[in-house]
Number of protein chains: 4
Amino acid sequence: MKKRVAVLGATGIVGQRFVSLLGDHPWFDLVTVAASERSIGKKYCDAVKWVIEKPIPKKVAELELSPISSDIAKEKIDIVFTALPADIAKDIEIELARKGIVVVSNASSMRLEPDIPLINPEVNADHIEIIEYQRRIRNWDGAIIKVPNCTTAILTLSLKPIVDEFGIKKVIVATMQALSGAGLTGVPSMFILDNIIPFIEGEEEKVENESKKILGELKSSGIEPNNSFLVSASCHRVMVFRRTHGICFL
Amino acid sequence: MKKRVAVLGATGIVGQRFVSLLGDHPWFDLVTVAASERSIGKKYCDAVKWVIEKPIPKKVAELELSPISSDIAKEKIDIVFTALPADIAKDIEIELARKGIVVVSNASSMRLEPDIPLINPEVNADHIEIIEYQRRIRNWDGAIIKVPNCTTAILTLSLKPIVDEFGIKKVIVATMQALSGAGLTGVPSMFILDNIIPFIEGEEEKVENESKKILGELKSSGIEPNNSFLVSASCHRVMVFRRTHGICFL
Amino acid sequence: MKKRVAVLGATGIVGQRFVSLLGDHPWFDLVTVAASERSIGKKYCDAVKWVIEKPIPKKVAELELSPISSDIAKEKIDIVFTALPADIAKDIEIELARKGIVVVSNASSMRLEPDIPLINPEVNADHIEIIEYQRRIRNWDGAIIKVPNCTTAILTLSLKPIVDEFGIKKVIVATMQALSGAGLTGVPSMFILDNIIPFIEGEEEKVENESKKILGELKSSGIEPNNSFLVSASCHRVMVFRRTHGICFL
Amino acid sequence: MKKRVAVLGATGIVGQRFVSLLGDHPWFDLVTVAASERSIGKKYCDAVKWVIEKPIPKKVAELELSPISSDIAKEKIDIVFTALPADIAKDIEIELARKGIVVVSNASSMRLEPDIPLINPEVNADHIEIIEYQRRIRNWDGAIIKVPNCTTAILTLSLKPIVDEFGIKKVIVATMQALSGAGLTGVPSMFILDNIIPFIEGEEEKVENESKKILGELKSSGIEPNNSFLVSASCHRVMVFRRTHGICFL
C-alpha cells in the first residue's frame with residue numbers, strides 16, 4: 001500500500017526535486033502538487049520552469065496545481081512534503097499537523113524548537129522519536145519533521161564520526177555555495193558574474209545552530225543541542241550551478 | 001541657468017545611468033529622484049544597489065527618494081527623464097506632458113506613435129521637430145521624447161550612412177545582448193550560466209519597427225517609417241555584463 | 001566478428017568522445033589508443049583528464065598509450081579514428097591509408113580534396129562511394145574519410161531538405177559556439193569570462209566551403225561542390241560548455 | 001635623474017602590470033622590455049595581448065622586444081623587474097645581480113633563502129637591509145629582492161598589526177583566488193566554467209612559508225622566519241577575473 005503524498009511549493013527548485021524523487025517512487029503515490037496563486041489550476045508541466053536533469057515524471061506532468069492550503073488534507077494525504085518559503089510555511093504546517101498529517105519540511109521555520117526533529121538520516125535518525133513528545137505537548141496527531149539547511153547536512157555528516165570518536169572543541173568552516181541553494185531566481189546574474197558574494201543572509205547562523213542540534217542528544221523533554229563545541233561559519237555564494245563546496249578545520 | 005531635472009525610476013540600472021550622467025552635468029540640475037514604493041523617503045545612497053563604475057554623484061547620494069507621481073511637477077521641474085517599466089510609464093508621462101514638462105523617456109510605450117519623436121541623435125536629430133505637431137494634436141505644453149531600444153540605437157547608427165548613400169532592401173541582424181539590458185535583476189543566474197537564451201521577449205519586434213521609424217522621414221502629419229527595407233532580427237541574451245554585440249548583413 | 005579499431009589523439013576532447021562511443025560498441029573492438037609524447041606508456045586512465053559525462057569504458061582505462069605513428073598498422077587494425085590536430089594528421093593519415101587501413105578523421109586537413117569523402121551521414125552518405133576513385137588515383141588499399149567541422153554538420157543537416165525541395169541562393173549564418181569545439185585547453189578563461197569572441201580562426205571558411213562540398217554531387221571524378229548558393233558565416237565563441245547554437249537565414 | 005629600468009617577461013599578465021605602472025612613472029625610465037622567443041624583434045604593442053584596463057603607455061608600445069638574457073645589462077640598466085616563470089628566472093636573476101643590477105622579482109624562486117629580502121612594503125620594509133649581507137656572502141654588487149605570492153601579501157598585511165599587538169598562535173585561511181593569478185592562459189575555461197578548483201599547485205605551501213618569513217625578524221645572518229604560529233591554508237580558484245578573496249581565522 002503506497003502512502004498518498006503531496007508536495008507544497010512544487011514548482012520551485014526544491015519542489016521540483018521532491019517531484020522528481022517522488023514521481024515514480026515505489027513507496028509513495030504523489031497525488032497533489034500545490035503552488036502559489038499564479039499557477040493554480042494550470043497543469044504542472046505548463047506552470048513549472050523545469051531545471052532538473054531528468055524529465056518531469058509523466059503522471060505528475062498532468063496534475064493540476066492546487067492552492068497552498070491545509071484543505072489538501074481532505075484528499076486523504078498521509079504525508080506532505082513542503083518546499084515553501086519559511087514565512088508562509090509555519091502556519092500551514094501547523095494546521096496540517098493538527099489535521100493528522102505528517103509534514104516533512106524543507107522550510108527553515110521551527111527547525112530549532114526542541115520538540116521538532118531536525119533529521120539528517122545518516123547522522124541522527126534516532127531523533128525521530130521525539131515525535132511522541134511533540135504530539136503530546138502540541139496535542140495533535142500529525143507531525144512536523146524538518147530537513148536541515150543544505151550546507152549543515154554536508155557538514156554534520158562529516159563531523160559525526162569525529163564527534164563520536166574524539167570529540168570536537170571548535171569547528172571552522174568556509175563554504176562556496178551553489179546558486180541552486182538560493183532558489184531558481186534567487187541570485188540575479190548581474191550580481192554574481194565575475195564575482196563571489198561573501199554573505200548569505202541567515203546562512204551562517206543556520207550552520208552554527210543546526211549543527212549543534214543535529215549532533216545533539218535525544219532527551220525526554222526534547223532534543224538537547226550539543227554545546228560542547230563552537231562553530232564559526234563563513235558562507236559564500238559562487239557561480240556554480242548546483243554543487244556546493246565547503247572546507248572545515250577542527 | 002541650469003535646467004531643473006528629475007529622474008523617475010532612479011534606482012534601476014537605467015535610472016542609475018541617468019543619475020551618473022546628470023549628477024554633475026553643466027547644463028542640468030538634478031533636483032528630484034523618484035522610485036517605487038519601498039524606497040520612498042530613503043536617501044538615494046541607502047536605497048540604491050549601485051552598479052555603475054563611477055561613484056554616486058555626491059549631491060544625489062543625499063537626495064530623498066520621492067514617489068513616482070506627476071506631483072513632482074510642483075517642484076518647477078523643466079525636464080523629467082524616465083527609466084520606468086513601460087506599463088507604468090505611459091500614464092504618468094502623459095500627465096507630466098500635460099503639466100508642461102518635457103519628458104525624455106527610455107520606456108518602450110508610445111515609441112511607435114507617429115507624433116512621438118524616437119531620437120537617436122546622430123541619426124535623426126531632425127525628428128525632434130515633430131514636437132510642434134505633437135503639442136498641437138495632444139493639446140499640451142510639455143512634450144514626450146523617446147529613446148530607442150538599445151540594440152536598435154547601435155543598429156541604426158550603422159545603417160544610416162548606408163541607407164543614405166546606397167539604399168537598403170533587407171537587413172538581417174543577429175544580436176548577443178548583455179545582461180544589463182534586462183535590468184539589475186532581470187536575468188536569474190541559473191538561467192544563463194552555461195547557456196545563451198535565444199529569445200528576448202518583444203526585442204525582435206522592437207528592432208524591426210523602431211529601425212524603420214528612426215530611419216523614416218519627418219512629415220507634417222508625423223514621422224513616416226521607412227518601409228523600403230525589411231528587417232529580420234534574431235536576439236540572444238548572453239552572459240556578458242554590459243557590452244552588447246550584434247552582426248548585421250544587408 | 002568485430003572490427004579492430006584504434007583512436008589517435010585519444011586524450012583530447014574529441015578523442016575522449018571517440019573512446020566513449022567505441023569503448024563498449026557492439027561492432028568495434030578498441031584495441032589501441034595513441035597520444036602525444038608525454039603520455040606514451042602511461043595507462044589511458046592515468047594520462048587522460050576525462051571530461052565526458054559517462055565514465056571511461058573499463059577496458060580502455062587499462063590500455064597503455066602508444067605513440068602516434070603508422071606503426072600501429074602492425075596490430076592488424078581495420079579502422080583508425082583520428083582526432084589529431086590538422087598539421088600532424090595529414091602525413092600519418094596518408095601513411096595509414098597506404099598500409100591498407102581505413103581512416104575516419106576529424107582533422108580538417110584534406111577535407112576539401114575532391115576524392116576525399118566529407119560525410120555527414122544523414123545528408124550525403126552516398127559520397128562514400130568516391131572511395132573507389134580515391135583508391136584508384138591514390139593507389140592505396142586503405143581509405144581516408146573525413147568528418148566535417150561541427151558547425152557545418154548542424155548547418156547542412158538543416159539545409160539539406162530545403163536545398164532538395166526548393167533550392168537555395170544564399171545562406172547567412174551566425175553561430176554561438178561552445179568552448180568544447182576549441183579543445184580542452186583551447187580557450188583561456190581570462191579571454192572568455194564576461195565576453196564573447198567574435199572570431200574563430202578558419203571557422204567561417206570551413207562553414208562556407210565544407211557546406212558546399214557536403215551538399216555537392218558525386219561525380220566519377222570526385223565530389224563536385226554545390227556552387228549554386230552563397231554562404232556567409234559569422235562565428236562567435238561563447239562561454240557555454242558543449243552546446244553550440246546557430247541561426248541561419250536563407 | 002630617472003633610473004633606467006627593464007621588464008623581463010613583459011607580455012604576460014604580471015609583465016603587463018609592470019609596464020602599465022612603469023611606463024609613465026616619474027622615477028623610472030622603462031627602456032627595455034624582454035619576452036620569450038616568439039616575440040623577439042616585434043614591437044611591444046604587436047606582440048602583447050593587452051588585458052589591463054588602461055591603455056599601453058605610448059612610448060612602451062613602440063619598443064622592440066629583446067631576448068630574455070643578462071645581455072640587457074649592456075644597456076646601462078639600473079633595475080630589472082622580472083615577471084618570469086620561476087624555472088627560468090633563477091639563473092638569469094643571479095647573472096644580472098652579478099653584473100651589478102638590482103633585480104626586483106615576482107618569480108617564486110629563491111623567495112625562502114635567508115639572505116633574499118621578501119618584501120611586502122607596508123609590513124616588512126626593514127628587511128631590505130639584508131641586501132648588505134646578501135652582497136657580502138654572494139659576492140656581487142647587484143641585488144635580488146623578491147615580491148611575495150599575491151595571496152600572502154594580502155594575508156600578511158592583515159596579520160601584521162595583530163601579530164605586533166597580541167601575537168598569534170594559529171592562522172586558518174581559506175582563499176577564493178582570481179584567474180589572473182594563474183597567468184593569462186593559465187586556467188582553461190573548460191576547467192572553471194560552472195566550477196571552483198579546490199587546489200592550486202604549490203600555493204598553500206607558499207602562503208604558509210612566505211607568511212612566516214615576511215612576519216619574521218631581520219638578523220645579521222639573514223631573515224629569521226616567525227615560527228611562533230602555525231598557518232593552515234586552503235586555496236581555491238574561482239571564476240573571477242582579478243579580485244581575490246580570502247577569509248582568515250585566528
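**Salt bridges and a two-fold pair**

Colleague: What is the relative accessible area of K219(C)?

Modeller: Happy to help! K219(C) counts as partly exposed; that class lies between buried (under 20% relative accessible area) and exposed (over 50%), with a 1.4 Å probe and protein chains only. For K219(C) the value is 31%.

Colleague: In this predicted model, what pLDDT do side-chain atom pairs need to count?

Modeller: Residues are numbered from 1 along each chain as its sequence is written, while chains are lettered from A and ligands numbered from 1 in the order in which they are written. Side-chain values use heavy atoms, leaving out hydrogens and water; local features need pLDDT of at least 70, totals for chains, interfaces and linings use all residues, and side-chain atom pairs count only at pLDDT 80 or more.

Colleague: Which residue forms a salt bridge with R138(B)?

Modeller: A salt bridge puts a side-chain nitrogen of Lys or Arg within 4 Å of a carboxyl oxygen of Asp or Glu. Here the N to O distance is 2.7 Å. R138(B) is partly exposed at 24%, whereas its partner is buried at 3%. That partner is D115(B).

Colleague: Which kind of axis relates chains A and D?

Modeller: Superposed by least squares on C-alpha atoms of residues with pLDDT of at least 70 in both, chain D lands on chain A with an RMSD of 0.0 Å after a turn of 180 degrees and a shift of 0.0 Å along the axis. The two copies are therefore related as by a two-fold rotation axis.

Colleague: Which residue of chain D comes closest to the rotation axis?

Modeller: Its C-alpha lies 3.4 Å from the axis. The residue is A174(D).
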